Structure formats: C-alpha cells, structure tokens
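Open the model in your viewer and keep the selection tool at hand. The tour goes from one selection to the next.

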Amino acid sequence: MKILKRETTLKQEIKTADNNIDEYLPNCQASFNSDGNITLRNYDRSNKNKDEIIIFSNEETRAIFELFSQISTKCKYYSLPF
C-alpha cells in the first residue's frame, strides 16, 4: 500500500448544482455520445427542467475502459456484477 500525502491549490472551482443541497441531482444516466465518449447526465426526477451533463474526453473514456479491463483480468476467479 502506498499513501501519498498531497497539498493542492484550487485554480478553478466547478460548481455542481450550484453547491446547494436543495438542487442535489440524485439520479444519473450513463451513455456514449456520437464521438464514442462516456457521457453522464445527473438529474432530479422531480424537476425535469434541470440537469447536468458531464462529457468525458477520449483519454478519460479510454482510462475507464482500461480500468475495467484490468479489474476483469485481476478478478477473473471472482463473481462480479459486471
């Protein structure tokens, strides 16, 4: 196990749902966009007029696939739900 202690400086804050608990978006849909990148949509079923779309870059999408490929390889003797 490695423990890395880091100190970072915030350059830009991205507000999610205006950082307001009343606007928390509890549901998420995942899909691929027309470019083949992972796209997430966070939303609240009670307010269909507000949502948040997160589009992963090519590199981020590849990193997710690489992670799941490694998980599959390392855990082939275990029953996983994916």
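Select Phe 65 and show its side chain. This is a predicted model, and in it Phe 65 has a relative accessible area of 47%. Phe 65 is therefore partly exposed, since the exposed class begins over 50%.

Now add Phe 32 to the selection. Phe 32 has a relative accessibility of 53%, so it counts as exposed.

Keep both side chains on screen. The structure holds one aromatic pair, and Phe 32 and Phe 65 form it. How are the two rings arranged, by centre distance and by the angle between the planes? Their centres are 5.9 Å apart and their planes differ by 5°, which makes the pair stacked. Colour by secondary structure to see what the pair links: Phe 32 is in strand β1 (residues 27-32), while Phe 65 is in helix α1 (residues 58-74). The two are 33 residues apart, and the pair links distant parts of the chain.

Next, select the strands. They form an open sheet of three strands in the order β1-β2-β3, with antiparallel pairing. Strands β1 and β3 (47-55) are the edge strands, each pairing on one side only. On average, neighbouring strands of this sheet are turned by 25° against each other, direction ignored.

Zoom in on strand β2 (residues 38-44), which is joined to β3 by six bridges. Select Asn 42 and look across to β3: the bridge partner there is Glu 52.

Finally, select Arg 41 and Tyr 43. The charged end of Arg 41 sits over the ring of Tyr 43, at 4.3 Å from the ring centre.

Note on methods: Residues are numbered from 1 along each chain as its sequence is written. This is a predicted model: local features need pLDDT of at least 70, side-chain atom pairs count only at pLDDT 80 or more; totals for chains, interfaces and linings use all residues. Side-chain values use heavy atoms; hydrogens and water are left out. Rings of Phe, Tyr and Trp (its six-membered ring) pair if their centres lie within 6.5 Å; planes under 30 degrees apart count as stacked, over 60 as edge-to-face and the rest as tilted. Helices (H or I, at least four residues) and strands (E, at least two) are DSSP runs, numbered from the N terminus. Buried means under 20% relative accessible area, exposed over 50%, partly exposed in between (1.4 Å probe, protein chains only). A charge sits over a ring if NZ of Lys or CZ of Arg is within 6 Å of the ring centre and within 35 degrees of the ring normal. Two strands pair if DSSP finds at least two bridges between them. Axes are lines fitted to C-alpha atoms, for helices over the stretch in contact, and angles run from 0 to 180 degrees between N-to-C directions.
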